[in-house]
Amino acid sequence: MNETMVTLVGNAATPVDFRETATGSTARFRLAVTPRRWDREQQVWTDGSTGFYTVWARRTLAANLSGSVSVGEPLVVHGRLKVREEERDGVWRTSVDIDAVAVGHDLTRGTAAFRRVVRGDPALTAPTHRQKPATVMASVS
């Protein structure tokens, strides 16, 4: 089966919603992606329209997201593209989801301190005891 893999660069627009289910851990959050383009006529960078994507994660990635990502942080998300169309109140809507394979902080916009999770140590990924997010420092330019 062919799948469309994508890599998105944007900012966490919502808090991570972590849940334990009968089939395992899941997490989701919204990612805001705003393209920037160089306007040759005005000699300035301009922002395009912001697109919002729902990012889904499972198992260990879901648990690690809940302890690592906060609203507004710059992220790189890699995963499978899922496009859904549905009718609600007579209006057709299109939703774009990403089934994440990997998520990380965008290090072109700051720094982060990585902490390896020891498998089998539930204290490191327990959602009830939120870990301090990785330090992200904005660069001043």
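**Salt bridges**

I began with the charged side chains and found that the structure holds 7 salt bridges; I keep in mind throughout that this is a predicted model.

I looked up aspartate 17 and saw that it forms a salt bridge with arginine 19, with the closest N and O atoms 3.2 Å apart. I then checked accessibility for the pair: aspartate 17 is partly exposed, at a relative accessible area of 24%, and arginine 19 is also partly exposed, at 48%.

I turned next to arginine 36, whose salt bridge partner is aspartate 47, and noted 3.4 Å between the closest N and O atoms. Arginine 36 belongs to strand β4 (residues 36-39) and aspartate 47 to strand β5 (residues 44-47), so this pair ties together parts that are 11 residues apart in sequence. For aspartate 47 I read a relative accessible area of 53%, and because exposed begins over 50%, I entered this residue as exposed.

I also looked at glutamate 86 and arginine 88, whose side chains meet in a salt bridge at 2.8 Å, N to O. Glutamate 86 counts as partly exposed at 28% relative accessibility, and I filed arginine 88 as partly exposed too, with a relative accessible area of 45%.

Finally for this entry, I recorded that Glu3, Arg80 and Asp99 are linked in a network of salt bridges.

**Second largest pocket**

I then asked which residues line the second largest pocket. I listed Val9, Gly10, Asn11, Ala32, Val33, Thr34, Arg36, Trp45 and Arg109, and I noted a volume of about 270 Å³ for this pocket. Arg36, which I had already met in the salt bridge with aspartate 47, is thus also one of the lining residues.

Sorting the lining by residue class, I obtained 4 nonpolar, 3 polar and 2 charged residues. Sorting the lining by element, I found that β1 (5-12) and β3 (24-33) each supply at least two residues, and that the largest share, 3 residues, comes from β1.

**Serine 25**

Since β3 had come up in the pocket lining, I moved to serine 25, which lies in that strand. Was serine 25 to be entered as buried or exposed? I entered it as buried, because its relative accessibility is 13% and the cut-off for buried is under 20%.

I looked for polar partners of serine 25 and found that its side chain makes a polar contact with the side chain of glutamate 20 at 2.9 Å. Leaving aside residues up to four places away in sequence, I read that serine 25 touches Phe18, Arg19, Glu20, Ala57, Arg58, Arg59 and Ala62. I marked Arg19 in that list, as the residue that forms the salt bridge with aspartate 17.

**Helix α1**

Ala62, a contact of serine 25, led me to helix α1, where I noted Leu61, Ala62, Ala63, Leu65 and Ser66 as the buried residues. I then followed what these buried residues pack against, and wrote down β2 (17-21), β3, β6 (51-58) and β8 (91-105).

In the same helix, which spans residues 59-66, I picked out threonine 60, and I recorded this residue as partly exposed, with a relative accessible area of 46%. As a last step I compared sequence and space for threonine 60 and valine 117: the two are 57 residues apart in sequence, and their C-alpha atoms are 9.4 Å apart.

How values were computed:
Residues are numbered from 1 along each chain as its sequence is written. This is a predicted model: local features need pLDDT of at least 70, side-chain atom pairs count only at pLDDT 80 or more; totals for chains, interfaces and linings use all residues. Side-chain values use heavy atoms; hydrogens and water are left out. On a 1 Å grid over the protein atoms alone, a cavity is a set of points where a 1.4 Å probe fits but cannot get out, and a pocket is an open set with protein on both sides within 12 Å along at least five of seven lines; lining residues have an atom within 4 Å of a point. Grid points are joined across faces, edges and corners, and a volume is the space filled by probe spheres set on the points. Helices (H or I, at least four residues) and strands (E, at least two) are DSSP runs, numbered from the N terminus. Ala, Val, Leu, Ile, Met, Phe, Trp, Tyr, Cys and Pro count as nonpolar, Asp, Glu, Lys and Arg as charged, and the others, Gly among them, as polar. A salt bridge is a side-chain nitrogen of Lys or Arg within 4 Å of a carboxyl oxygen of Asp or Glu. Buried means under 20% relative accessible area, exposed over 50%, partly exposed in between (1.4 Å probe, protein chains only). A polar contact is a pair of N or O atoms within 3.5 Å; within protein, one must be able to donate a hydrogen and the other to accept it, and residues adjacent in sequence count only if both atoms are side-chain atoms. Contact means heavy atoms within 4.5 Å.
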